[in-house]
Amino acid sequence: PCEGEYRRPATLAALLAALCLPHAMDESTKRTVQKIPLLKIHATPREKERWTDRVKEELAALIKYVQINKEADNDWFRISCNADGTKWSGKCWYVYDLIKYEFDLEFEIPVTYPTASPPIAIPELDGKTAKMYRGGKICLTDHFHPLWSRNVPHFGIAHALALGLGPWLAAEVPDLVRRGVIGTDK
């Protein structure tokens, strides 16, 4: 599936099966992501009326994702947005060695969204890992951005959390703990 020209698969399941990064996603993540509704409206924050409809789709997908996580006893974030859906903030956490590490998360929707993915930031970890940009923005370029760009406008904030932030926390928090960068006082 990694050779030749790329053809957009008809379903998310087909897309995940066709990815050139088979090691990038475990089966549990694939099953979870397949349950998150795909979005239909392609609107930027500058398109006021259509943007409102896009935000409604985003919220519906996030509600479904939270339900999926609660059913699987995998609750790991809380998130809310401002009135126009352009600024998001909340908390995310990761449990490592039976200790919960909790962080503030935030992002603003870029004006080119949904073509560009949201730049998710964990400000308190700024400068503590190489897999982060200035301002605490997590690095998702190698694995997540190609997947996102193939799925515009169908991916939304719930997908960014499931396929971006979640795997990033799973990779980075244990390393930060082992290196002593973050401790049990979190």
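The following legends describe close-up views of side-chain contacts in a predicted model. Local features require pLDDT of at least 70 and side-chain atom pairs count only at pLDDT 80 or more, whereas totals for chains, interfaces and linings use all residues. Residues are numbered from 1 along each chain as its sequence is written, and side-chain values use heavy atoms, with hydrogens and water left out.

**View 1. A salt bridge within helix H3 joins Arg54 and Glu58.** The closest approach of the two side chains is 3.0 Å, N to O; a salt bridge is defined here as a side-chain nitrogen of Lys or Arg within 4 Å of a carboxyl oxygen of Asp or Glu. Arg54 and Glu58 stand 4 residues apart in H3 (residues 48-71), which means that about one helical turn separates them. Helices (H or I, at least four residues) and strands (E, at least two) are DSSP runs, numbered from the N terminus. Arg54 is buried, at 0% relative accessible area, and Glu58 is buried at 1%. The term buried denotes under 20% relative accessible area, exposed over 50%, and partly exposed in between (1.4 Å probe, protein chains only).

**View 2. Asp75 and Arg78 form a salt bridge.** Their closest N and O atoms are 2.8 Å apart. Asp75 is partly exposed, with 27% relative accessibility, and Arg78 is likewise partly exposed, at 42%. Together with Lys70, these residues are linked in a network of salt bridges.

**View 3. Arg179 is paired with Asp175 in a salt bridge.** The closest N and O atoms of this pair lie 3.0 Å apart. Arg179 has a relative accessible area of 46% and is partly exposed; Asp175, at 26%, is also partly exposed. Over the whole structure, the search finds 9 salt bridges.

**View 4. Trp88 and Phe107 form a stacked aromatic pair.** Rings of Phe, Tyr and Trp (its six-membered ring) pair if their centres lie within 6.5 Å; planes under 30 degrees apart count as stacked, over 60 as edge-to-face and the rest as tilted. The count by this rule is 7 aromatic pairs. In the pair shown, the centres are 6.1 Å apart and the planes meet at 5°. Trp88 belongs to strand E2 (residues 87-96) and Phe107 to strand E3 (residues 99-108), so the contact ties together parts that are 19 residues apart in sequence. Both Trp88 and Phe107 are buried.

**View 5. Tyr113 and Trp148 form a tilted aromatic pair.** Their ring centres are 5.9 Å apart, with the planes at 45°. Tyr113 lies in the loop between E3 and strand E4 (132-133) and Trp148 in helix H4 (residues 144-149), so the pair ties together parts 35 residues apart in sequence. Tyr113 and Trp148 are both buried. One aromatic cluster is formed by Trp51, Tyr113, Phe144, Trp148 and Phe155.

**View 6. Leu169 is among the residues with the most contacts inside the largest nonpolar core.** This core has 44 residues; a nonpolar core is a set of buried Ala, Val, Leu, Ile, Met, Phe, Trp, Tyr and Cys residues joined through side-chain atoms within 4.5 Å. The elements giving two or more residues to the core are H3, E2, E3, H4 and helix H5 (157-178). Of these, H5 gives the most, with 12 residues. Leu169 touches Trp76, Cys92, Trp93, Tyr94, Phe103, Ile122 and Pro174, not counting residues up to four places away in sequence; contact means heavy atoms within 4.5 Å.
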